[in-house]
Amino acid sequence: MVSFSLDNTSRMIEPETPTPDVSGIPFPLTHDGLYRLLATGHIALPALVHALAVAEHLNFHRAAEALGVSQSMISSRLMTLEEALGVTLFERRRFQSLRLTLHGRAFLDLIAPALLQIGRALGTTDLGRDARRDVLYIGLQSPIVTGALTNLLRAFHTEFPEIAFRPKETSPQDVLGDLRARRLDVLFAPDFLFTEAPLHDFLETCPLWTEEMVIALPLDDPLAAYDRVGWADLAGRKFLTRTDGISTGLMEVAARYLHDVDVPHAIETLRVGRDTLMVLVSLGLGVALTTQSAQGLTLEGLVYRPVGEEPVILPFYAGWSRHNVTPPLTALLRLARQMIPQAD
């Protein structure tokens, strides 16, 4: 967390009003410290809302339109806020969009969940913003039957019941475009979906938990009697994958192991849902790779077994646009980071 210093001559109030006493406020700036600055009048709440809007749009004009205020008001309040904090929040580049500084990103990470809490206390969560800010659009590339993601969403819904979820399964090819266009607020997926992250300067990622790769088998398959299925054991098997989700990515990971042991195999890609794919496996039409969180989906005639002589561990990440700093998303990411030690 960045340490902020306050200049006692700077304030977010009218010139004739005495500067409030802010001595004793702990730094680095915390939520309690921020609330005290708000309570004493040293920082104005509208300035924080304006800063958040500018961080979202990276443009003064669009932020002013979104909030229904003048561009000059936003510019003036942000300048006074930066003077009060003693840091520059935005890098202003001529003929280019604004850019958050490191200080700005740290400060916005602090104020976004704080504004959400203030909004809840006032009986609203948008603080004058549009209704979409009460909705989280969550991209899914793995099952949420059990596991860390299920635990995270349950905990978040308990803490912020007023925020609605809009889950969406999307194809790997659409992921980056959906995040950039803000059709998705956040994506939870294995690391191999983010291998091109350095090529996309808008993308932020955060490692959260790991899962082991498993293989779904028909109950009457001889391999169902094994505690662990080796790669060589899969010779001659047909692997079922689907166009959406992570099954094709899992197959690419497995292909390296299958190649190392020179195992002949077939792959059939189907345009079906995850549940239908597992039904096809239970009917004996093939085998399918998935992750351990999928084992909560039970079907008659279907079993799951760890695959590989050694466990194949898949790191799972959250990915989002760094220009997306809405309070609900920031609060979700904060809770996700807190739950990392508890992740499966």
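Three phenylalanines, Phe156, Phe160 and Phe165, are joined by ring pairs into one cluster. Keep in mind that this is a predicted model. Searching the whole structure turns up five aromatic pairs, and here are two of them, both involving Phe156.

| Ring pair | Centre to centre | Angle between planes | Type |
|---|---|---|---|
| Phe156 and Phe160 | 4.9 Å | 45° | tilted |
| Phe156 and Phe165 | 6.0 Å | 25° | stacked |

Why is the Phe156 and Phe160 pair called tilted? Its planes stand at 45°, and tilted is the label for whatever is neither under 30 degrees (stacked) nor over 60 (edge-to-face). For Phe156 and Phe165 the planes are 25° apart, and that pair is stacked.

How do these rings sit with respect to the surface? Phe156 and Phe160 are both buried, and for Phe156 the relative accessible area is 0%. Phe165, on the other hand, is partly exposed, with 23% relative accessibility; the buried label would need a value under 20%.

Phe156 also has a part in a helix packing. Helix 6 packs against helix 10 with the two axes 10 Å apart and an angle of about 125° between them. So helix 6 runs oblique to helix 10, and their crossing is right-handed. On the helix 6 side, the contact comes from Leu152, Ala155, Phe156 and Glu159, while helix 10 brings in Pro328, Ala331, Leu332, Arg334, Leu335 and Ala336.

Now for the nonpolar cores. In soluble globular proteins, nonpolar side chains tend to be buried together. The largest nonpolar core here counts 58 residues, and Phe188, Met213, Ile215 and Leu289 are the ones with the most contacts inside it. Which elements give two or more residues to this core? On the helix side they are helix 6 (148-159), helix 7 (175-180), helix 8 (247-260) and helix 10 (327-338). The strands are strand 3 (135-140), strand 5 (186-190), strand 6 (203-218) and strand 11 (313-321). Of these, strand 6 gives the most, with seven residues.

Leu289 is worth a closer look. If you set aside its neighbours within four places in sequence, Leu289 is in contact with Met213, Val214 and Ile215, and also with Phe239, Leu250, Met251, Ala254 and Val307. Two of those partners, Met213 and Ile215, are listed with Leu289 among the residues with the most contacts inside the core.

Apart from this core there is another one, made of 32 residues, including Leu67, Leu78, Leu89 and Leu100.

Key:
Residues numbered from 1 in each chain as written. Predicted model: local features only at pLDDT ≥ 70, side-chain atom pairs only at ≥ 80, totals over all residues. Heavy atoms only, no water. Core = buried A, V, L, I, M, F, W, Y, C linked by side-chain atoms within 4.5 Å. Buried < 20%, exposed > 50% of the residue type's maximum accessible area, 1.4 Å probe, protein only. Helix = DSSP H or I, 4+ residues; strand = E, 2+ residues; numbered from the N terminus. Contact = heavy atoms within 4.5 Å. Phe/Tyr/Trp six-rings, centres within 6.5 Å; stacked < 30°, edge-to-face > 60°. Axes fitted to C-alpha atoms, helices over the stretch in contact; angles between N-to-C directions. Parallel < 35°, antiparallel > 145°, perpendicular 65-115°, else oblique. Left-handed = near helix turned anticlockwise from the far one by under 90°.
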